[in-house]
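This report introduces the structure to a reader who has not met it before. Please look over the sequence and the model shown here before reading on.

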Amino acid sequence: MTRLDGKVAVITGCSQGIGLAMAEAFAAEGAAVVISARRSEAIQEAARQLEVKGAKVVGVQADVMKREDARRTIAAAIENFGRLDILVNNAQTSQGGKVEDITDEAIELTLGSGLLGTLYHMQAAFPHLKERGGSVINFGTRQGIYGEPGDGIYGATKEGVRALSRSAAREWGQFGIRVNVINPAAMSPAAAKFFKENPERGQKYMDEISLRRFGRPLEDIAPIAVFLASDDGQYLTGQTLNADGGQIML
C-alpha cells in the first residue's frame with residue numbers, strides 16, 4: 001500500500017469523522033499528512049492517534065475562515081516535509097434554516113468555513129502544487145443538488161465549492177493540478193448527532209440510499225479520496241464523485 005509514497009497532503013477539518021479517516025488512509029498509503037482543525041486539543045489528539053499507527057503527521061490549530069490560518073497550514077507542510085502534493089478541503093461548519101429565516105450569522109459561518117475556507121487553502125496551495133502538479137479534493141453535498149428543505153445556505157455553499165472546483169480544474173490543468181469533488185453520505189460523528197436529534201429526516205435520508213446503509217468514513221469514503229489523490233486518478237479532473245450508496249444518479 002504505497003500509492004502515495006513520498007507525497008505530502010494537507011487535510012482540513014481533521015479531528016474526527018471523514019477528515020480523520022482520510023488522514024489515516026493517506027498515511028497507510030505512504031503519505032505524510034498535515035491535519036488542521038479549530039480546536040487545539042482535538043487536533044493534537046487526532047495527531048497522536050495517527051502517530052500511534054505509524055503516520056508522519058503534523059497537527060495545526062487553525063480556523064479555515066481566516067486567510068492567514070490557511071497560509072500557515074500550507075506553510076506547515078513545506079516547513080516540515082518540504083513539499084505539497086495533495087490538498088483536501090474537508091472542513092465545514094453550517095447553520096440550517098428555511099430560506100426566509102437565513103441570518104447574516106448563518107451566511108458568514110457557512111460560507112466562510114466552506115466556500116471561503118476552500119478558496120483560501122487553494123490559493124495558498126497553488127504556488128506549491130504548480131511546481132510538480134498535484135491533486136485538490138473538495139467536498140460538496142447532495143443537499144445542494146437535491147435542494148434539501150432547511151439546508152439552503154449549506155447547499156448553496158457546497159454548490160459554490162463545486163463551481164469553484166470546476167473553474168480551478170480548467171485553469172490549473174495546464175500545470176498538472178487536478179481538482180475534483182466528493183459528495184459523501186457517511187455516518188460521521190456530526191451526522192450521527194444530527195440524525196439522533198432528527199430521526200424522521202434520518203429515516204428519509206436512509207430510504208433514499210439504494211444500498212440501504214450509510215457510508216463508513218474509513219472503509220467507504222477515504223478510499224475514494226486516496227484514488228483521487230493517487231496516480232490511479234491521474235486523468236480525472238473537474239468531476240464530482242457521489243459517494244453516497246446510490247442516492248444521486250445523474
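## The sheet

In this predicted model, seven strands form an open sheet, arranged in the order β3-β2-β1-β4-β5-β6-β7 with parallel pairing. The edges are taken by β3 and by β7 (240-243), each of which pairs on one side only. From one strand to the next, the twist averages 15 degrees.

## Pairing around β2

Strand β2 (residues 32-37) runs parallel to strand β3 (residues 57-61), and five bridges join the two; within this pairing, Ala 37 has Gln 61 in β3 as its bridge partner. Strand β1 (residues 8-11) also pairs with β2 in the parallel sense, here over four bridges, and Val 10 stands opposite Val 34 in β2.

## Helices on the sheet

Together with β2 and β3, helix α2 (residues 40-52) makes a right-handed β-α-β unit. This helix α2 lies across β2 and β3, and runs at about 175 degrees to β3. Helix α9 (residues 217-229) packs on the sheet as well, where α9 touches β4 (86-89), β5 (134-139), β6 (177-184) and β7, and its direction makes about 170 degrees with that of β6.

## Thr 110 in helix α4

Thr 110 is found in helix α4, which spans residues 104-132. Because its relative accessibility is 0%, Thr 110 counts as buried, the cut-off for that term being under 20%.

Leaving aside residues up to four places away in sequence, Thr 110 touches Gln 92, Thr 93, Ser 94, Gln 95, Leu 115, Ile 153, Tyr 154 and Thr 157. With Gln 95 there is a further detail, since the side chain of Thr 110 reaches the backbone nitrogen of Gln 95 at 3.3 Å.

Terms used:
Residues numbered from 1 in each chain as written. Predicted model: local features only at pLDDT ≥ 70, side-chain atom pairs only at ≥ 80, totals over all residues. Heavy atoms only, no water. Buried < 20%, exposed > 50% of the residue type's maximum accessible area, 1.4 Å probe, protein only. Polar contact = N/O pair within 3.5 Å; in protein donor to acceptor, adjacent residues only side chain to side chain. Contact = heavy atoms within 4.5 Å. Pairing = 2+ DSSP bridges. Right-handed = clockwise from strand over helix to strand, strands pointing away. Axes fitted to C-alpha atoms, helices over the stretch in contact; angles between N-to-C directions.
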